[in-house]
Number of protein chains: 2
Amino acid sequence: MVEPATATKATAPAVPQLKDELDIVIPTIRNLDFLEMWRPFFEPYHLIIVQDGDPSKTIKVPDGFDYELYNRNDINRILGPKASCISFKDSACRCFGYMVSKKKYIFTIDDDCFVAKDPSGKAINALEQHIKNLLSPSTPLFFNTLYDPFREGADFVRGYPFSLREGVPTAVSHGLWLNIPDYDAPTQLVKPLERNTRFVDAVLTIPKGTLFPMCGMNLAFNRELIGPAMYFGLMGDGQPIGRYDDMWAGWCTKVICDHLGLGVKTGLPYIFHSKASNPFVNLRKEYKGIFWQEEIIPFFQQAVLPKDCTTVQKCYFELAKQVKQKLSKVDPYFDKLADAMVTWIEAWDELNPTGASVPNGKAA
Amino acid sequence: MVEPATATKATAPAVPQLKDELDIVIPTIRNLDFLEMWRPFFEPYHLIIVQDGDPSKTIKVPDGFDYELYNRNDINRILGPKASCISFKDSACRCFGYMVSKKKYIFTIDDDCFVAKDPSGKAINALEQHIKNLLSPSTPLFFNTLYDPFREGADFVRGYPFSLREGVPTAVSHGLWLNIPDYDAPTQLVKPLERNTRFVDAVLTIPKGTLFPMCGMNLAFNRELIGPAMYFGLMGDGQPIGRYDDMWAGWCTKVICDHLGLGVKTGLPYIFHSKASNPFVNLRKEYKGIFWQEEIIPFFQQAVLPKDCTTVQKCYFELAKQVKQKLSKVDPYFDKLADAMVTWIEAWDELNPTGASVPNGKAA
């Protein structure tokens with residue numbers, strides 16, 4: 001039986017790394033009591049809370065946390081008509097937090113995620129491990145059988161080309177979950193009692209050219225390197241699909257990372273995922289995605305970005321164009337999504353004017 | 001400090017799996033005392049011992065093991081002039097054992113590898129885990145973030161396409177090493193004291209299109225699916241290079257597995273690797289490889305096999321042709337190696353006449 005950690009205070013680092021360079025983004029519809037458990041790890045950092053649903057509701061944040069909070073009214077006010085690209089009644093709204101952040105790094109976590117314990121019983125500082133992952137290089141061009149060669153006690157094995165040992169900058173750190181695994185509705189229905197109890201003590205780079213299912217529950221990234229690709233799409237209220245927000249962001253991000261020579265890591269850190277969402281509700285949200293992903297994934301596997309796509313923004317405009325061209329035939333939804341992708345970048349560049357790109361790759 | 005297991009008897013399975021379908025291939029130059037420790041796990045299986053070096057020397061095998069032993073005289077007698085493709089004074093000679101086996105599965109292990117312990121202190125039956133790996137499918141077409149979805153307590157995560165969940169047949173199971181890691185000479189020289197103490201409780205499929213450094217120390221494969229690709233090249237006596245035998249086999253095997261839709265797994269099981277080889281001796285053997293791999297790996301990364309290469313033999317002849325065409329300019333050694341690759345397949349088909357292919361892809 002896995003259980004979350006209880007005492008976390010003793011294990012917080014003396015000097016929190018990247019204190020002024022990282023924002024923690026939390027999408028929520030409820031009071032943030034879960035932060036109590038994370039206090040020793042998160043309190044030094046700034047939080048960006050994106051309140052989903054009814055904006056008149058008050059979200060309580062435990063005392064002592066430094067935060068800014070945006071509800072739907074704020075999003076509409078800040079983005080004006082471009083607010084249409086931000087989902088409503090879906091945790092996909094979290095990407096608004098990425099856009100308003102001014103920091104180099106983002107860590108995003110769901111409010112049903114608690115502190116996990118490692119096999120020795122020690123509380124895991126998930127943020128600290130994400131920072132380690134982001135600050136050390138990735139190795140997408142060749143597989144290292146001893147996993148992350150930059151970890152203490154590990155290195156590149158015999159036969160690993162020396163020219164590739166510098167690695168590439170890491171853009172994304174994808175963390176995992178103990179207890180409730182991130183299963184789709186059909187798997188939840190078939191295996192209602194399955195819990196993830198296996199602590200795999202590894203971080204690894206997902207090889208270039210390989211896609212993966214990116215979960216937004218416990219995720220960190222370098223906003224300067226890849227931020228504009230972290231769009232969580234159009235989900236929830238008024239949309240035909242949900243629970244594919246992080247998947248969409250993951251596919252787009254991986255294709256762009258591969259094109260730009262950036263790395264994506266997965267593995268440690270674990271968080272403790274407390275409760276399974278309702279599989280019947282999930283099935284309703286997911287079922288179109290279950291069909292669509294059979295066409296979307298080959299689309300992303302075959303997507304090629306031209307050489308002149310040298311910024312994330314240019315890459316993203318190009319992807320939006322290809323989505324419109326090739327996925328609109330799957331469902332008119334993708335036509336709308338492609339437009340929202342363009343709006344997202346326009347809004348991003350408006351809020352982040354330095355280094356903004358001309359939208360010459362705009363979906364036409 | 002990691003240590004090998006001491007008591008192994010209690011942990012052997014009651015019914016050894018694949019007892020009549022698997023051979024254990026061991027290349028050696030010394031008495032096989034190391035088998036004592038493996039007795040509970042290996043005794044039910046047939047061993048093929050390939051004696052390297054002086055054929056007049058007698059290799060002692062502990063009582064009770066069922067084995068056949070081949071020395072250089074045997075290899076020369078059985079293969080005649082084609083014996084030239086089998087290395088001498090190098091553990092690359094082990095691939096002769098793959099060729100003379102009549103079984104469906106091969107497990108090969110070095111004679112300085114002992115039984116490792118898992119974190120609970122239990123002796124690890126490496127062969128049992130390899131068999132599990134080989135008998136369950138691989139997932140090379142999309143990455144599963146919870147690692148092997150066919151393992152107990154795990155599954156495919158949300159966002160994994162349902163059409164890919166059958167997986168593909170597993171051809172190779174690459175196991176790892178606790179204690180002495182498989183480092184090249186430069187890394188050994190720089191980190192003489194580094195020991196691998198991290199037990200990573202995972203098995204994963206190496207994605208399609210990604211190469212890896214395959215180590216021959218603790219390796220199992222499906223001989224029917226991929227056997228003819230497991231040629232360990234020309235190394236040792238009379239050759240300009242050593243310690244790249246398993247790497248060569250790994251590159252060829254991975255390219256062919258990717259082409260034929262077969263899977264390669266890495267991770268569990270661990271063995272305990274007892275002693276580091278001499279880094280100065282290793283450097284002398286390796287140094288050309290350190291340069292050459294910078295050209296060999298891009299060659300294999302770009303290698304494309306035509307659609308009509310539908311058997312391992314046809315694929316291998318085609319690879320030999322491409323090696324001759326594209327790597328001979330790196331060094332005349334590759335011209336000789338390409339010829340040996342052809343000889344290897346001819347010898348394989350001679351000893352394994354059923355399903356032998358016409359060498360129409362012969363390197364010219």
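**Exercise 1. Locate A:Arg158 in this predicted model and describe its surroundings.**

Solution.
Step 1: Place the residue. A:Arg158 sits in a loop of chain A, between helix 4 (126–135) and strand 6 (170–179).
Step 2: Check the exposure. The relative accessible area of A:Arg158 is 5%. Buried means under 20%, so A:Arg158 is buried.
Step 3: List the contacts, leaving out residues up to four places away in sequence. A:Arg158 touches residues of chain B, among them B:Asp182, B:Asp184, B:Asp246 and B:Glu286. B:Tyr183, B:Pro213, B:Cys215, B:Arg243 and B:Met247 are also touched by A:Arg158.
Step 4: Consult the record. An unreviewed UniProt entry carries the annotation "glycosylation site", and that annotation covers A:Arg158.

**Exercise 2. Decide how compact chain A is for its 364 residues.**

Solution.
Step 1: Count the elements. Chain A has ten helices and nine strands.
Step 2: Compare radii. The radius of gyration of chain A is 20 Å, and the globule rule gives 21 Å for 364 residues. The two values are close, so chain A is as compact as a globular protein of that length.
Step 3: Add the box. Along the principal axes, the C-alpha atoms of chain A fill roughly 60 × 55 × 45 Å.
Step 4: Add burial and contacts. Of the 364 residues in chain A, 63% are buried. Among contacts with a separation of 6 or more, 76% join residues 24 or more positions apart.

**Exercise 3. Characterise the surface and charges of chain A.**

Solution.
Step 1: Take the area. The accessible surface of chain A is about 13,700 Å². Carbon and sulfur atoms hold 53% of that surface.
Step 2: Count charges. Chain A carries 40 positive and 43 negative side chains.
Step 3: Compare their centres. The centres of the two sets are 2 Å apart.

Conventions: Residues numbered from 1 in each chain as written. Chains lettered and ligands numbered in written order. Predicted model: local features only at pLDDT ≥ 70, side-chain atom pairs only at ≥ 80, totals over all residues. Heavy atoms only, no water. Helix = DSSP H or I, 4+ residues; strand = E, 2+ residues; numbered from the N terminus. Rg over C-alpha atoms; globule rule 2.2 N^0.38 Å. Buried < 20%, exposed > 50% of the residue type's maximum accessible area, 1.4 Å probe, protein only. Contact = heavy atoms within 4.5 Å. Areas by Shrake-Rupley, 256 points an atom, 1.4 Å probe, with all protein chains shown as cover. Lys, Arg positive; Asp, Glu negative; His and termini not counted. Charge placed at Lys NZ, Arg CZ, Asp CG, Glu CD. UniProt positions renumbered as here; feature names shortened; annotations may be inferred.
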